[in-house]
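Welcome! Please take a moment to look over the sequence and the 3D structure, and then read on for a short guided tour.

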Amino acid sequence: MLEPIGLDERDEAVYDVLIRRTRATTAELASDCGLTAQATSRSLRSLVDLGLASTVPGRPVTYVAVSPDSGLESVLRERERALNGVRSHLSNLMALYRAGSRFAHPGELVEVISGRDDVNRNWVQMQRATRTQVRGFDCPPYAAAAGHSEPNGIELELLGRGVKYRIIYDSSVLDLPGWLEDVTMGIRLGEQARIATGLPTKLAIFDDRVAMLPLLRPGEDAVTASYVIHSSPLLDALVALFESVWERSVQIRPSTLPANEDRPEQLSQGEEKLLTLLASGATDKSACRALGWSERTVQRHITKLMRRFGAQTRFQLAMEATRRGWI
């Protein structure tokens, strides 16, 4: 259990006995653990070095256990500081490595990861290594039977650490039942989400150092193989593509007002969602699925909104809603 902080099985056995006794001599601990005095002394030195035990004056030397909550917590904090130092140094090492291999080994700038398990493993590792932001295109089909699911545990962890998630969803997700509620939950947890029509592929960019995208086109079981793009002009082009689409996409903003409170121009929650869907290019049928309304109800709300704000077309209505900051 305590191997990650530098204690082997023998050290941990001595520590457990010392914790139960609170204080003991080397001979007493050796007897209880069934170890030689020499082996027990080595373990005790390790415990003292880590700050998990101390000695008191006298003969024979008596060892006293430090309270585990403070002793172990101190060791953990020190390990975390050391790991953070290594993590900080990693980016510098990778910059040097990429600079040295850019021309000597250009093939290493683009990797192909095959196999569903390896693709998923790399996806998890790249998220965990992210320090600033994750950017991505999200579009069907999905590996899971359902559509967009609630944010994964890693995303929640990174959002809690201050890492940004900026995701652009393809408008085809509007055909998935329950998608609007799922993505709204993600936004409330800190995800920045937009929607656009005709995204070319799934894409994930981790900081400005690496990107991951499917090897195959949508519909061809794309999760079984992926490209991994390292720092290079190709990665720069993918970053530029994302930012360009982000600027042209429609922001998805969940309503923050209680259901019984007036909204801008007396808009209901449903009308706010409908305007967001219209601005993203949703058809009446897509809006029906996303909102759980009938097609006639959708058409009635659209007609009412167009008449209220003097819009001649749905496009004008969506643009007016955007201009007024409703979506």
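## A buried threonine

Thr25 counts as buried because its relative accessibility is 14%, and the cut-off for buried is under 20%. Keep in mind as you look around that this is a predicted model.

Where along the chain does Thr25 sit? You will find Thr25 in strand 1, which covers residues 23–25. If its neighbours within four places in sequence are left aside, Thr25 is in contact with Pro60, Val61 and Thr62.

## Rings that pair up

Next, the aromatic side chains. A pair of aromatic rings is described by two things: the distance of the centres and the angle of the planes. How many aromatic pairs does the structure hold? There are 3 of them.

One of these pairs is made by Trp123 and Phe206. Their arrangement is edge-to-face, with 5.7 Å from centre to centre and 65 degrees between the planes. Trp123 belongs to helix 5 (residues 116–128) and Phe206 to strand 8 (residues 203–206), so this pair ties together parts that are 83 residues apart in sequence. Is each partner buried or exposed? Trp123 has 31% relative accessibility and therefore counts as partly exposed, whereas Phe206, with a relative accessible area of 0%, is buried.

## A stacked pair and its cluster

Phe137 and Phe242 form an aromatic pair that is stacked: the centres are 5.9 Å apart, and the planes make an angle of 25 degrees. This pair, too, links distant parts of the chain. Phe137 lies in strand 5 (residues 133–138) and Phe242 in helix 8 (residues 233–248), with their positions 105 residues apart in sequence. Both Phe137 and Phe242 are buried.

Which residue joins these two in one aromatic cluster? The answer is Trp246, which forms the cluster together with Phe137 and Phe242. Trp246 also has a charged companion: the charged end of Arg166 sits over the ring of Trp246, 4.6 Å from the ring centre.

## Two helices that cross

To finish, turn to helix 9 (residues 269–279) and helix 11 (residues 295–309). They pack with their axes 11 Å apart, at an angle of about 90 degrees. Helix 9 and helix 11 are therefore roughly perpendicular to each other.

Which residues meet here? From helix 9 come Glu271, Leu274, Leu275 and Leu278. Helix 11 brings Val298, His301, Ile302, Lys304, Leu305 and Arg308. Sorted by character, the residues of this contact divide into 6 nonpolar, 1 polar and 3 charged.

Key. Residues numbered from 1 in each chain as written. Predicted model: local features only at pLDDT ≥ 70, side-chain atom pairs only at ≥ 80, totals over all residues. Heavy atoms only, no water. Axes fitted to C-alpha atoms, helices over the stretch in contact; angles between N-to-C directions. Helix = DSSP H or I, 4+ residues; strand = E, 2+ residues; numbered from the N terminus. Parallel < 35°, antiparallel > 145°, perpendicular 65-115°, else oblique. Contact = heavy atoms within 4.5 Å. Nonpolar A, V, L, I, M, F, W, Y, C, P; charged D, E, K, R; others polar. Phe/Tyr/Trp six-rings, centres within 6.5 Å; stacked < 30°, edge-to-face > 60°. Buried < 20%, exposed > 50% of the residue type's maximum accessible area, 1.4 Å probe, protein only. Lys NZ or Arg CZ within 6 Å of the ring centre and 35° of its normal.
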